[in-house]
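Open the model in your viewer and set it to show side chains as sticks. The tour goes from one selection to the next.

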Amino acid sequence: MTLRTPNGGPAQPARRRFVQGLAAGGAVAGLGLWPRASYALQGAGLPSVLSGTQFDLSIGETPMNFTGRTRTAITVNGSLPAPLLRWREGTTVDLRVSNALPMHSVHGHETSIHWHGILLPANMDGVPGISFDGIHRGETYAYRFDVKQSGTYWYHSHSAYQEQVGLYGPLIIDPIEPAPFAFDRDYVVMLTDWTDLDPAALFARLKKMPGYDNYYKRTLGDFMRDARRDGLAETIEDRKLWGAMRMTPTDLADVNANTYTYLLNGTTSLGNWTGLFRSGEKVRLRFINGASMTYFDVRIPGLKMTVVAADGQYVHPVTVDEFRIATAETFDVIVEPSGQDAFTIFAQDMGRTGYVSGTLAVREGLRAPVPAVEARQILSMADMGHGAAAHDMAGMDMAGMDHAAMGHAAMGHAMPAAQHHPASESHNPFVDMQAASPTPKLDDPGIGLRDNGRTVLTYSMLRSVFDDPDGRDPGRDIELHLTGHMERFTWGFNGQKFSQAEPLRFNYGERLRIVLVNDTMMTHPIHLHGMWSDLEDADGNFHVRKHTIDMPPGSRRSYRVRADALGGWAYHCHLLFHMEAGMMREVRVDE
């Protein structure tokens, strides 16, 4: 494999990356053995697969080595990822989750497991402070609930930063009725991010130096190139605008491969996780993004992927070459490998700083060529929801302006169809940007994926195989703005952190519409616990049922919710450090 820079040139591997390449990754445990995470569902009984209705899960610590340095991960039954759990729709599951964390663990004395995307009673949802008190050292919490759905899901800790240090695992629910498509083999592909840093220290670094990982900032050379291409005056205005906003257009992710090592089913690219096939077979790949902070762009060069399910729910099949998977989302795809002995599963991060790969092959030990990581991307004003207004803004003298205090809403008179913003965003030190003309962007594959010569999945291509399961028009709308301040690394809804806001109130049984407006320059996967999010198209028609709605910068998207689950529920950005920094609310469903 030849490493290349994002711009295509040969790379000189940094020491960290060189060391990383020596470690396939996995548990140390003093045995010198690397675990093989092979998730063929036909292989029930493998140590990493637990099936049935009775489960005993023990949360503890295990030494892990993914980079050449041994660090302590939080694991379930000693496994990272946690064991694959197989349930069956229509059954009742009992899960006894024990806290076996050692005394003085740096990861705290409390733990939890949240069953992501699963419909269940509120006290089974596993969010400390909302669902229950958490599981303290030496305690066992008994989860018991009916399984009312099928599909591909996952589970993870909701305590502090434990998800970042390994507490996550895949969850497959077999349906009562056969799937509406055929397949011969079935594999989970779980993508995650790992850091040798203590995640609390990483969070502290984000608060002090939020741009620490942004190595791709524009240079004098970029200025000269842009001036030749766009003209000197326009280039100067562009730089003035970004400078006034105190933002950088290369800031696509807060943490990237300059800090993270990416894993596929718990191993690095060198570990080469392999799913076997026979030529012509239909292989179902269940992609799960269990990363804490990373979006992945996934493709398998030489193979088309037919998407058949999103967030566990069947969709009308759509065939693509590539898809972007937000943190916490799942996509099931069918591939039919033939014509060669090996294909590379390639997942590069959205910021184009690194990747992880695995292989589909006819036998163990084979590899196919691994693509180079693509060139860096530059955000535009249109990406951030300013659209045509960008030209007006570029013509303004913004030097010295307090962008937060000013707010783009104040400039709404110069912009067609200006977006209204809540009063709580005005003069708010936690808000550094407001989208002037956000749009749904359902047919936009996203920055870095447009016009790349491949067919890329968009939300507009995803359509549930069923009609609106509720059928009622929403009785009311709730509009929430995703807000933040890049330099302060503070995130929230409507300019308010979790600690500052009252719970959102839903009336039991009502059908309501949630409208989200992304006023930040970052992308946020928004997850509502306990209830489905039925995404609408631009005309307000039911489109696709999901549990996590991705919100690119400058987007305005709406979805319907049937408030049929009593109690308190978490509602948050699924980027772990955004949630911890305040982009979270409690939802209360009361009679």
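Select Arg560 to begin: in this predicted model its relative accessibility is 7%, and Arg560 counts as buried. Add Asp468, which forms a salt bridge with Arg560, with 2.9 Å between the closest N and O atoms. Arg560 sits in strand β32 (residues 556–562) and Asp468 in the loop between α6 and β24, so the salt bridge ties together parts 92 residues apart in sequence. Asp468 also counts as buried, at 19% relative accessibility, because the cut-off is under 20%.

Now widen the selection to the network of salt bridges that links these two with other residues, among them Asp470, Arg472, Arg511, Asp534 and Arg562.

Next, go to Glu374, in the loop between β23 and α5. Its side chain meets that of Arg454 in a salt bridge (2.8 Å, N to O). Arg454 belongs to the loop between α6 (403–406) and β24 (476–485), 80 residues away from Glu374. Arg454 is partly exposed, at 23% relative accessible area. Glu374 also forms a salt bridge with Arg299, at 3.4 Å between the closest N and O atoms. Arg299 lies in strand β17 (residues 296–299), so this pair ties together parts 75 residues apart in sequence. Arg299 is buried, at 10%.

Finally, select Trp87, Trp115, Tyr143, Phe506 and Tyr571, the residues with the most contacts inside the largest nonpolar core, which has 127 residues. Strand β33 (residues 567–573) gives the most to this core, with four residues. Around Tyr571, look for contacts including Leu480, Phe493, Ile526, Tyr559 and Val587. A second, separate core of 15 residues includes Met64, Leu84, Tyr168 and Ile288.

Notes:
Residues numbered from 1 in each chain as written. Predicted model: local features only at pLDDT ≥ 70, side-chain atom pairs only at ≥ 80, totals over all residues. Heavy atoms only, no water. Core = buried A, V, L, I, M, F, W, Y, C linked by side-chain atoms within 4.5 Å. Buried < 20%, exposed > 50% of the residue type's maximum accessible area, 1.4 Å probe, protein only. Helix = DSSP H or I, 4+ residues; strand = E, 2+ residues; numbered from the N terminus. Contact = heavy atoms within 4.5 Å. Salt bridge = Lys/Arg side-chain N within 4 Å of Asp/Glu carboxyl O. Lists of a residue's contacts leave out its neighbours within four places in sequence.
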